[in-house]
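Student: I'm new to this one, and I'd like a close look at a single spot before anything else. Please pick a place to start and then work outwards from there, in plain words.

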Amino acid sequence: MDLDLTGRHALVCGGSEGIGRATAHELALLGAEVTVLARRADALAIVRDALPTVPGRRHHLLAVDMDDTDGLRTAVEAHVAAHPVQILVNNTGGPPGGPAHAAPSQAFVDAFRRHLLAGQILVQAVLPAMRDAHWGRIVNVVSTSVREPIAGLGVSNTVRGAVAGWAKTLSRELAGDGITVNNVLPGYTRTGRIEQIIADRSARTGRSSDAVIAEMEASVPVGRFADAAETAAAIAFLCAPAAAYINGVSLPVDGGRMASI
Ligand SMILES: NC(=O)c1ccc[n+]([C@@H]2O[C@H](COP(=O)([O-])OP(=O)(O)OC[C@H]3O[C@@H](n4cnc5c(N)ncnc54)[C@H](OP(=O)(O)O)[C@@H]3O)[C@@H](O)[C@H]2O)c1
């Protein structure tokens, strides 16, 4: 199986921690040059400096806020002009929790900007180099809520559906250029995001975090949360040459939690 990413450059967003950081590591292990993107330059520098390297290959960081649409466009366009990208991992921090009916309009606007508009800007910035190479991989880190909305994550459920529709459309538009577009749908994964969700549920229900965790783990057939490296491995596979014929899918990495087929 061809998993070799030597000579490819990957832009991994949300790369300062969690699933993004783990993905940067997996892609570097497969031979890719990696740029990690997030807001915190200091955290990104630590991640970049810890990535596996081979002689002649250098990893990079890009400190930018995906909520700042114009700033993101300027920063990414400048970066890809110097370092053309063939692999885009479109990933960022999830929206705040709460029921959809109580969310202010601005929360939907903010989530749409961070998840969908940022993705669109990133895709437009990397597309010329992917087309030139007639080879590209775009993987969006979304959520199982694409298929089964999650209680208490109203804004997130809404925007994830939009991202999935956008991605499916792109997958059909870009396949002729040798570019695949897929989504990974993480289940409960041990990162800062899951800690925030556990704290929210605990505050909302008055139950201890241990009780909340036990209930969440019991809902997963595998019986535990994922390690971020397990989610990252699925993302990295979709980026590999071996995955060339996988296009337009939404792949759950959820330990079997979703009941739908
Ligand atoms: N963990 C789970 O159980 C789970 C389950 C389903 C879906 N997901 C989704 O999967 C994605 C990744 O999750 P995760 O668990 O890895 O999250 P995480 O640990 O909270 O990491 C989020 C990453 O995104 C970056 N980020 C946040 N806001 C940003 C912004 N405005 N601009 C640029 N970068 C930003 C953060 O870095 P900086 O703070 O440095 O910017 C960080 O690197 C999220 O959309 C999450 O909702 C996670």
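Tutor: Let's start at cysteine 13, which is buried, with a relative accessible area of 0% in this predicted model. Which cysteine has the closest sulfur to that of cysteine 13? Look for cysteine 239: the two sulfurs are 12 Å apart, and that's too far for a bond. Now hop over to cysteine 239 and look back. The closest cysteine sulfur from there is the one in cysteine 13, again 12 Å away and too far for a bond. Cysteine 239 is buried too, also at 0% relative accessibility. A disulfide needs two cysteine sulfurs within 2.5 Å, and by that rule the count for the structure is 0 disulfides.

Let's zoom out for a moment. What share of the 261 residues in the chain is buried? Buried residues make up 49% of them. The chain has 8 helices and 7 strands. Its C-alpha trace spans about 55 × 40 × 40 Å along the principal axes. A compact globule with 261 residues would have a radius of gyration near 18 Å, and the chain's own value of 18 Å agrees with that.

If you'd like a feel for those distances, try aspartate 200 and proline 55. Along the chain they're 145 residues apart, and their C-alpha atoms are separated by 45 Å. Aspartate 200 sits in helix H6 and is partly exposed, at 33% relative accessibility.

Keep helix H6 in view, since we're turning to empty space next. Rolling a probe the size of a water molecule over the atoms shows where such space is left. The largest pocket holds about 810 Å³ of it. Four elements each give two or more residues to the lining of this pocket: helix H1 (18-29), strand S2 (33-38), helix H5 (154-174) and helix H6 (192-205). Which of them gives the most? Helix H6 does, with 6 residues. The pocket has 38 lining residues, and the ones nearest its centre are Asn91, Thr92, Gly93, Gly94 and Arg193. Sorted by class, the lining comes to 16 polar, 13 nonpolar and 9 charged residues.

Open pockets aren't the whole story. There is also 1 cavity of 30 Å³ or more, with about 70 Å³ of space inside. Asn91 and Thr92 turn up again here, among the residues lining the cavity. Others on that list include Met66, Asn90, Arg114, His115 and Arg160, along with three valines, Val141, Val142 and Val163. Helix H4 (105-133) and helix H5 are the elements that give two or more residues to this lining. By class, the cavity lining divides into 4 nonpolar, 4 polar and 2 charged residues.

Last stop: charged side chains that pair up. How many salt bridges does a search of the whole structure find? It finds 9, and three of them make a nice tour.

Start with arginine 73 and aspartate 70, whose closest N and O atoms are 3.3 Å apart. Both belong to helix H3 (residues 69-82), where being 3 residues apart puts them about one helical turn from each other. Aspartate 70 counts as exposed, at 54% relative accessibility, whereas arginine 73 is partly exposed at 32%.

Next, look at arginine 190 and glutamate 217, where the closest N and O atoms are 3.8 Å apart. This pair links distant parts of the chain, 27 residues apart: arginine 190 is in the loop between strand S6 (179-186) and H6, while glutamate 217 belongs to helix H7 (residues 209-218). Arginine 190 is partly exposed, with a relative accessible area of 48%. Glutamate 217 counts as partly exposed as well, at 23%.

Finally, find glutamate 215 and arginine 207, whose side chains meet in a salt bridge at 3.6 Å, N to O. Here glutamate 215 is partly exposed at 44% relative accessible area, and arginine 207 is partly exposed at 31%. Set those beside cysteine 13, buried at 0%, where we began.

Definitions and conventions: Residues are numbered from 1 along each chain as its sequence is written. This is a predicted model: local features need pLDDT of at least 70, side-chain atom pairs count only at pLDDT 80 or more; totals for chains, interfaces and linings use all residues. Side-chain values use heavy atoms; hydrogens and water are left out. On a 1 Å grid over the protein atoms alone, a cavity is a set of points where a 1.4 Å probe fits but cannot get out, and a pocket is an open set with protein on both sides within 12 Å along at least five of seven lines; lining residues have an atom within 4 Å of a point. Grid points are joined across faces, edges and corners, and a volume is the space filled by probe spheres set on the points. Ala, Val, Leu, Ile, Met, Phe, Trp, Tyr, Cys and Pro count as nonpolar, Asp, Glu, Lys and Arg as charged, and the others, Gly among them, as polar. A salt bridge is a side-chain nitrogen of Lys or Arg within 4 Å of a carboxyl oxygen of Asp or Glu. Buried means under 20% relative accessible area, exposed over 50%, partly exposed in between (1.4 Å probe, protein chains only). The radius of gyration is taken over C-alpha atoms; the globule rule is 2.2 Å times the number of residues to the power 0.38.
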